[in-house]
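This report describes selected features of a single protein chain. The sequence and the structure are shown first, and the description follows.

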Amino acid sequence: MTTTPEVEPVTSPPTLRVAVLLLKAQAVVVGAIAIFLIFKDITATFSSLGVAIGVTVFTVAASATIYAIARALGHHRSGARAPGIVAQLMLIAIGYYMIQGGLGWVGAVLIALAVLVIGLIVSPPSTRALGYGAPDDETA
């Protein structure tokens, strides 16, 4: 009879858990926007239906991608760190253009959220949990 050694579950540091939670919240918000766009696609008349459908498909894909990134980070997949940062850099660009378009407070909130998530993802505890740098039990 062979016994397998017990493996302790890997716990995420608070910084990574908050980053994952914020990314999942972003995915939900983008998903809600996608649902709104689907409703508008079905009920409205368009001069360019192709563009409307393209924007809707892009929004659905963005929501799914952000959720996938959050899930991968939650499972300590180190390869999800860079896409997570890129998604937040794109959010910073969106926030900038919202500020330029007259929605300053919304843009500022988006930029602050993106900077917060990037900071959480690259923080030392998150970095170690994702397999970069020295393990928690080693001292530098």
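## Surface, pocket and fold

Ile38 has a relative accessible area of 37% and is therefore partly exposed, since that class lies between the limits of 20% for buried and 50% for exposed residues. The model under discussion is a predicted one. Ile38 belongs to helix H1, which spans residues 14-43. Together with Ile42 and Val60, Ile38 makes a nonpolar patch of about 280 Å² on the surface.

The chain as a whole contains five helices and zero strands, and its elements follow one another in the pattern α-α-α-α-α. The chain has 140 residues, of which 31% count as buried.

Two further residues, Pro14 and His76, can be set beside Ile38 in terms of accessibility. The table lists the place and the class of each residue.

| Residue | Place | Relative accessible area | Class |
|---|---|---|---|
| Ile38 | helix H1 | 37% | partly exposed |
| Pro14 | helix H1 | 52% | exposed |
| His76 | loop between H2 and H3 | 16% | buried |

Pro14 is assigned to helix H1 and counts as exposed because its relative accessible area, 52%, is over 50%. In sequence, 112 residues separate Pro14 from Ser126, yet their C-alpha atoms are 8.2 Å apart in space.

His76 is located in the loop that runs between H2 and H3. Its relative accessibility of 16% is under 20%, and His76 therefore counts as buried. The backbone of His76 is also notable: its phi is near 60 degrees, a positive value in a residue that is not glycine. In general, most residues other than glycine have a negative phi.

Which helices contribute to the lining of the largest pocket, each with at least two residues? They are H1, helix H2 (49-74), helix H3 (81-100) and helix H4 (104-122). H3 gives the largest share of this lining, with eight residues. The volume of the largest pocket is about 660 Å³. Its lining comprises 23 residues, and those nearest the centre of the pocket are Val30, Ala62, Ile66, Leu91 and Ile94. By residue type, the lining consists of 19 nonpolar and four polar residues, with no charged residue.

In summary, the predicted model shows a chain of five helices and zero strands. The largest pocket has a lining to which H1, H2, H3 and H4 each supply at least two residues, while Ile38, Ile42 and Val60 make a nonpolar patch on the surface.

Definitions and conventions: Residues numbered from 1 in each chain as written. Predicted model: local features only at pLDDT ≥ 70, side-chain atom pairs only at ≥ 80, totals over all residues. Heavy atoms only, no water. Patch = residues over 30% accessible without salt bridge, like charges linked within 9 Å, V, L, I, M, F, W, Y side chains within 5 Å. Areas by Shrake-Rupley, 256 points an atom, 1.4 Å probe, with all protein chains shown as cover. Salt bridge = Lys/Arg side-chain N within 4 Å of Asp/Glu carboxyl O. Helix = DSSP H or I, 4+ residues; strand = E, 2+ residues; numbered from the N terminus. Buried < 20%, exposed > 50% of the residue type's maximum accessible area, 1.4 Å probe, protein only. 1 Å grid on protein atoms, 1.4 Å probe; cavity = no way out; pocket = protein on both sides within 12 Å on 5 of 7 lines; lining within 4 Å. Points joined across faces, edges and corners; volume = space filled by probe spheres on them. Nonpolar A, V, L, I, M, F, W, Y, C, P; charged D, E, K, R; others polar.
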